[in-house]
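Trainee: Could you take me closely through one part of this model, the surroundings of the ligand? I would be glad of the cut-offs along the way.

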Amino acid sequence: MTLIDGKKIAAEIRSELKAEAADFQAKYAQQVGLAVVLVGEDAASQVYVRNKIRACEEVGIRSFAHFMPTDSTQKSVEDLVCALADDDRVHGILVQLPLPAHLDAERILSCIPRQKDVDGFSAANIGRLALDEEGTVACTPLGVMELLHRSGINVAGKRAVVVGRSKIVGRPMMLLLLNADATVTVCHSRTNELKRICSEADILIAAVGKPHFITADMVKQGAVVIDVGINRIDDKLAGDVDFDRVAPKTSFITPVPGGVGPMTIAMLLKNTLDCARRSVR
Ligand code: NDP
C-alpha cells in the first residue's frame, strides 16, 4: 500500500506555480490577480478564505479580498462582482459559498464571466467539461486527477466508481475520469447494490460527506482509493473512508487530512494562472 501524500504533492505544485506566476509577470508586466468575495461571518468560510489569500501570497498571485457584512443586499454583492468582472487586474473571481440564506447565489455567481470563473461552477465551464473542451474545472476533482497523475496511476481503461454526484465534486469528477478514458460509474443515495458496485472498482472515489462510510468489504484488493470527504468528529477530521481497515487492501490511498484537501487550494491557484494566461492570448 502506498500513501498518496497530498500535502507534499500540493507543495510541489505551489512551487511550480510560483515560478510560472513570476514568468507571467515578467512577460506581460502584470501580476496574476485573484478576487475573493466573502459575505458574512461564517467561521469555516473565514478560515478557507484566509488560507486561500495566504496561498496566493506564497506563490506571488495578488489577492483582492472583499469582506462584506452578513446583511449585504443582493444588489450590493452583484455590483461588486460585476465591478471585479470589469477589473483588468483581476483574472479570477471566487465567491465563497455558502452565501447567507437571503441572497440568491445562482444570480450572484452568474455575474462572474466564464473567463474569470476560477471555481469552474458556471454552466458554460461545466458544459465545456462535458464536451471535453478546454475550460476551467472545479478545483477538488481537478486536484484528484492531479494526485492520480503525479502518483503514476493511469486511469485509461480502468473501472472507476465515484460515490457522490454533487455539482462541485461528484459530477465533474465523473466527467474528468470519463475524459481520461476510464469506465465510470456514479453512485448516490438512491443507488442499489452500492457495496457490489464499489467492490468492482479499480479506482474508488469517495465524496459522500459521511465519516467512515466506505468500509473494507466495499473495496477490491489492490484498488486505488481516493477519499474526498472532510468530516468533523469531536474537533478531529475524518474522511469518508474507514482508513485503518481499508488501507491494507489498497494499492494507493489518500489520508484525511493531508490527501485531497491541500490539492484544492493548489488547483485554485493553477486555475487562476490559467485564466490569466487565457486573458492575454
Ligand atoms: P454533497 O452533500 O453535496 O453530496 C454528497 C453526495 O453523496 C450526494 O450525491 C449524495 O447522494 C451522496 N450520498 C449521500 N449519502 C449516500 C449514501 N448513503 N449512499 C450513496 N451516496 C450517498 O457533498 P459534496 O460533494 O459537496 O462533498 C462531499 C464530501 O467531500 C464532504 O465531506 C465535503 O466536506 C468534502 N469536500 C472536500 C473538499 C476538499 O477540498 N477535500 C472540497 C469539497 C467537498 P444524493 O445526490 O442522492 O443526495
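Mentor: Gladly! The ligand is surrounded by 22 residues, the closest of them being Arg165, Ser166, Ser189, Ile230 and Thr264; a residue is near a molecule if one of its heavy atoms lies within 4 Å of it. Please keep in mind that this is a predicted model, where local features need pLDDT of at least 70 and side-chain atom pairs count only at pLDDT 80 or more, while totals for chains, interfaces and linings use all residues. Residues are numbered from 1 along each chain as its sequence is written, and side-chain values use heavy atoms, with hydrogens and water left out.

By character, the shell around the ligand divides into 10 nonpolar, 10 polar and two charged residues. Here Ala, Val, Leu, Ile, Met, Phe, Trp, Tyr, Cys and Pro count as nonpolar, Asp, Glu, Lys and Arg as charged, and the others, Gly among them, as polar.

Now for the polar contacts, pairs of N or O atoms within 3.5 Å. In the side chain of Thr264, an N or O atom is 2.7 Å from an oxygen atom of the ligand. Ile230 takes part through its backbone, with an N or O atom 3.0 Å from a ligand oxygen. Val228 likewise offers a backbone N or O atom, 3.5 Å from an oxygen atom of the ligand. As for cover, the ligand taken alone exposes 920 Å², and the protein buries 71% of that; these accessible areas come from the Shrake-Rupley method with a 1.4 Å probe.

How values were computed
Polar contact = N/O pair within 3.5 Å; in protein donor to acceptor, adjacent residues only side chain to side chain.
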